[in-house]
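Dear colleague,

Please find below the structure that I am handing over to you, together with its sequence. My findings follow directly after it.

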Amino acid sequence: MAENKISRSQVVAVLSIMVLLCLTGNNNFVPVAEAIWLTIPSSGTKCVSEEIQNNVVVLADYHVIDDANLQHPSAIAARVTSPYGSNLHHNENVTVGQFAFTTSEAGNYMACFWLNSNQQQSAGTTLSLDWRIGITAKDWESVAKKEKIEGVELDLKRLGYVVQAIHDNLVYLKSREADMREVSELTNSRVAWFSIMSIGICIVVSALQLWHLTLYFQKKKLI
């Protein structure tokens with residue numbers, strides 16, 4: 001009968017990953033869950049946005065918290081849009097909802113909530129939003145049951161996803177930095193050419209003014 005044994009290489013891998021996570025623990029390299037409360041105004045819309053890279057799983061649950069009316073809380077409407085305005089989720093007249101999708105483009109994903117039209121005159125409503133991204137949106141219990149792993153093996157798999165998430169975020173940040181550097185260099189080049197053109201125009205205008213004044217004084221026989 002086969003026995004589960006922990007090899008030395010697995011232990012070294014776990015320790016290495018733990019050190020890496022400790023070194024990067026204060027940075028936003030790994031997508032994390034964001035549980036927040038929003039106060040939806042009696043009129044208008046309340047929105048939250050998150051900058052997410054491509055091919056990332058997003059899962060969110062939201063529900064209305066109405067202490068004044070626990071039996072019949074205020075109903076809301078919700079809409080989630082992609083960076084280019086595509087509608088990813090739309091729900092109306094609900095008190096509880098969920099949306100899940102995998103990002104197809106990098107950028108700001110926005111979730112907006114507002115009261116239904118028949119409740120515009122009521123007081124503001126509190127909404128609880130549990131926003132999970134990437135590794136935090138993964139159901140590890142289902143993974144463990146499906147692949148029949150547990151203990152150290154499950155921890156290694158989870159840490160492997162964490163390392164991959166860190167790597168993907170570093171690659172994304174590197175590409176963003178390259179794009180920003182390209183825009184900065186292009187802007188600097190345009191500013192430099194604009195400065196040269198401005199100096200050239202000033203020189204031409206000064207020469208024309210000098211020529212005009214010379215002709216004027218010669219005509220008046222002052223010089």
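Which residue of β5 stands opposite Thr 81? In this predicted model, the partner of Thr 81 is Asn 87 in β5. The two strands concerned are β4, which covers residues 76–81, and β5; they pair in the antiparallel sense over five bridges.

This pair belongs to an open sheet of four strands, arranged in the order β2-β7-β4-β5 with antiparallel pairing. At the edges of the sheet are β2 (46–52) and β5 (87–94), each of which pairs on one side only. From one strand to the next, the twist averages 10°. As general background, the strands of a sheet pair through backbone hydrogen bonds, in either a parallel or an antiparallel manner.

Turning to the protein as a whole, the model contains three helices and eight strands. Along the sequence, these elements follow the pattern α-β-β-β-β-β-β-β-β-α-α. Of the contacts between residues at least 6 apart in sequence, 75% join residues at least 24 apart.

The protein has 223 residues, and 29% of them count as buried. Its accessible surface comes to about 15500 Å², with 57% of that area belonging to carbon and sulfur atoms.

Finally, I draw your attention to residues 191–217, where an unreviewed UniProt entry places the feature "transmembrane region". In the model, this span is 100% helix and 0% strand, and its end C-alpha atoms lie 39 Å apart.

Yours sincerely

How values were computed: Residues are numbered from 1 along each chain as its sequence is written. This is a predicted model: local features need pLDDT of at least 70, side-chain atom pairs count only at pLDDT 80 or more; totals for chains, interfaces and linings use all residues. Side-chain values use heavy atoms; hydrogens and water are left out. Buried means under 20% relative accessible area, exposed over 50%, partly exposed in between (1.4 Å probe, protein chains only). Contact means heavy atoms within 4.5 Å. Accessible areas come from the Shrake-Rupley method with a 1.4 Å probe; for residues, only the protein chains shown count as cover. UniProt positions are given in the numbering used here, feature names are shortened, and annotations may be inferred rather than shown by experiment. Two strands pair if DSSP finds at least two bridges between them. Axes are lines fitted to C-alpha atoms, for helices over the stretch in contact, and angles run from 0 to 180 degrees between N-to-C directions.
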